[in-house]
Every structure is written in C-alpha cells, then in structure tokens.
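Biologist: I should like to learn how to read the contacts between a protein and DNA in a model. Where should one begin?

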Number of protein chains: 2
Amino acid sequence: MPLPQTEMPGRLQAHFAERGIRMTSQRRAILRVMETASKHLDAAQILRKAQRLDSSVDRSTVYRTLRLLKRHGLIDELDLMHLNGEGHYYERRIGSDHIHMACLRCGKISEFVSASFERLKDQVEKDCRFHILVSRLEIGGYCAACRASQSQSAASPPAPPR
Amino acid sequence: MPLPQTEMPGRLQAHFAERGIRMTSQRRAILRVMETASKHLDAAQILRKAQRLDSSVDRSTVYRTLRLLKRHGLIDELDLMHLNGEGHYYERRIGSDHIHMACLRCGKISEFVSASFERLKDQVEKDCRFHILVSRLEIGGYCAACRASQSQSAASPPAPPR
DNA sequence: TTAAGTGCAAATATTTTGCTGTCAC
DNA sequence: GTGACAGCAAAATATTTGCACTTAA
C-alpha cells in the first residue's frame, strides 16, 4: 500500500536511499531540518538548526548538501526579492509550484497556488519546446494590509523598499 | 510632436531629469550602457562598459546607480538561474514583462512574452489583494536544441547542470 | 552654497575550494 | 578496502560602507 506523496516525514532521506546516495550523520541532520522547516530558511539558519542536531555539521557541508538537494530537484532556491541581504532561501519541493509574494513594506512573504501558473508553464513547454525542470515566480509589491495602512496614514514608518 | 515610447535613446536620462535626480558624467555613462545593452549584463560587465565611456567610473558608483535604477523601477534584476556564479544580471524595463528561460545544458537564455503571464499577475493582484511592483518568472530546463541532441547522442559533453 | 554624488580602500556577506583525515557501504 | 564525504581554514566572489574630496544645480 503506497504511502501518501506529500508531507511524509523522512521523504528526503528516503529519496537519498532510493538513489543510492550515501547517508551520513551530518546529512541526516540537514535533511531533517529541511523536512521539518516551516518555511524559507537561509544557509546560515540551516547551519544553526542542523548543528543543534549534530554539532559537528560544518558550513561547507551545508552548502554541499544544499547543492546536492538542488541538483536532485528536492529543494527550491529562492531570493524572496532580497528583502534582507543577497543570500538565498531554501524550501522543500512539495507538490505543485507556488508563487512567492514579498511585501516590500512589511517584509511578509505569502504564497499562492494557481492553476493559471500551471497552465502558463504548460504553454511555455509547448510554445517554446522547452523542458521545464525548475521555475520560480517571485513578486514584490505591497500586501493587502500595507496597502490599507499606507493609503490612510503616513504615520507608521514604512520599512524602506530595499 | 511626441517621440515614440519605446527604445527611445536617452529615455533613462529623461526619467532622471523628470524626477529631479542629479545627473553626473558617471551616471550618464552607466545609463547609456543600460540603454544600449542588447541584453543581461552583470555588474562587472556594466562597470567595464561604463569605464570605456568615462574611465573614472568606479565599481561602487555602478552598484549605487543600479540600486537607484531598481528603486525607480527602471531596471529589473535577474538571476538567470545562476548559470555562472551567484551574481545578478540587469536589464532595462521596457514594456511588458517577459519570462526568462535558461537552458541548464547549453546556457542559452531565451525570453517569452505571454498574455497568460499578464493574466496570472492580474489574478494575483485581485485574489491576493496584492499590489505588484516587480515580478520575476525564471525557468530552468532544457531548450529545444538540447532536448533534441540529448535524446540522440551522449556524444557531445553537456555542460553539467551546475 | 551645499546637499548629493564620487573614488578609494577597506569591510561585509555569501559561497566555494584544497587538503587531509574519516566513515559508510 | 575504498571512494565518497567530512571539517577546517583559506580563497573566491559579490556587494556595501566610511570617509574625505568634488560637483551639479
């Protein structure tokens, strides 16, 4: 009886095993961090969290493992509009792609799943005869809350747009 | 008699004048580079080209000017799937957004304008009540040519997908 | 005149690499 | 046993900043 496709704990580790990729204590820690992360961690955060599980985890191992996960299409790399610095954020790839929206005023990141997005990608594949492996749609602007407060008051100091 | 809206040389400089932004010889050089660029320059390339027009242009001025242009929505910042290194690419914002597709095998960048993309953004604005200022859709995968050659021969050594 | 802009050098931030030793299989 | 993986330190890459001087408006 097949297990459900999404959110299964240990899915990343299972992937490694299936593909014959060697498992180490350090990788186990990093994979667990990625599996249990609620959202959008950058390399430094992943390092810190992984070190709590295995204090020997080194920064370079984090980068090497992230590269491995990326190459295998198991995680996605995001910019989130570079709201803080020039680094990248990572998230597990689960199910269908979603759009990331970053509020340039309050910094909130929201996500949006849209059938139109899937259709758009299908159109690209067909019209451009391009085989899509990764796709990233990131949007910057003002979220509903900030639009409201912005139009009413110039009182609360907005975070400067980058 | 009004000049055409697109591709008008000096358009960026005109923008600066309209908005009362101070013009300097260095900025003039950088703006000219952005205006005449065929495509997708990174900061180092912009620096080199600008220095040919005004040898005094410094790297920091390039970064400062790019930030200014970004803030004013006159250029877009791209990753192009980080095919070479972690830097960014810049292009003038002209007319409607386009999708960037990066071939992970041959490195070719292609572009695609799609009405569906515009509709998708409209949907996001409405459904999420989010006011979009910038959007970036980048796709990585295999272009038509590489799909063809890849399925037939393992002869030509593919550029490794990072 | 003077606020804004600049070059220069140094700092910061992020990611990668070389090397040598270790460990999973 | 051995090839893949690890830590460590140092390098490479990309971008930003502090400061004193210059310049556009």
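Modeller: One begins with a cut-off: a residue is near a strand if one of its heavy atoms lies within 4 Å of it. Please bear in mind that this is a predicted model.

Biologist: How many residues surround DNA strand D, and which are the closest?

Modeller: DNA strand D is surrounded by 22 residues. The closest are A:Arg22, A:Thr24, A:Ser56, A:Thr61 and B:Tyr63. Of the atoms of DNA strand D that come within 4 Å of the protein, 70% belong to sugar and phosphate.

Biologist: Which side chains place an N or O atom by a phosphate oxygen or a base nitrogen of DNA strand D?

Modeller: For the phosphate, consider A:Thr24: an N or O atom of its side chain is 2.6 Å from a phosphate oxygen. For the bases, an N or O atom in the side chain of A:Arg64 is 3.1 Å from a base nitrogen, and the corresponding distance for A:Ser60 is 3.2 Å. The elements giving two or more residues to this surface are helix 2 (25–36) and helix 4 (59–71) of chain A, together with helix 4 (59–71) of chain B.

Biologist: Which element gives the largest share, and how do the residues divide by character?

Modeller: Helix 4 of chain B gives the largest share, five residues. By character, the surface near DNA strand D has four nonpolar, eight polar and 10 charged residues.

Biologist: How should one read the largest nonpolar core?

Modeller: One looks for the residues with the most contacts inside it. This core has 30 residues, and those with the most contacts are A:Ile99, A:Leu137, A:Ile139, B:Ile99, B:Leu137 and B:Ile139. As one case, B:Leu137 is in contact with residues including A:Phe117, A:Leu120, A:Leu137 and B:Phe117.

Note on methods: Residues numbered from 1 in each chain as written. Chains lettered and ligands numbered in written order. Predicted model: local features only at pLDDT ≥ 70, side-chain atom pairs only at ≥ 80, totals over all residues. Heavy atoms only, no water. Core = buried A, V, L, I, M, F, W, Y, C linked by side-chain atoms within 4.5 Å. Buried < 20%, exposed > 50% of the residue type's maximum accessible area, 1.4 Å probe, protein only. Contact = heavy atoms within 4.5 Å. Polar contact = N/O pair within 3.5 Å; in protein donor to acceptor, adjacent residues only side chain to side chain. Helix = DSSP H or I, 4+ residues; strand = E, 2+ residues; numbered from the N terminus. Nonpolar A, V, L, I, M, F, W, Y, C, P; charged D, E, K, R; others polar. Lists of a residue's contacts leave out its neighbours within four places in sequence.
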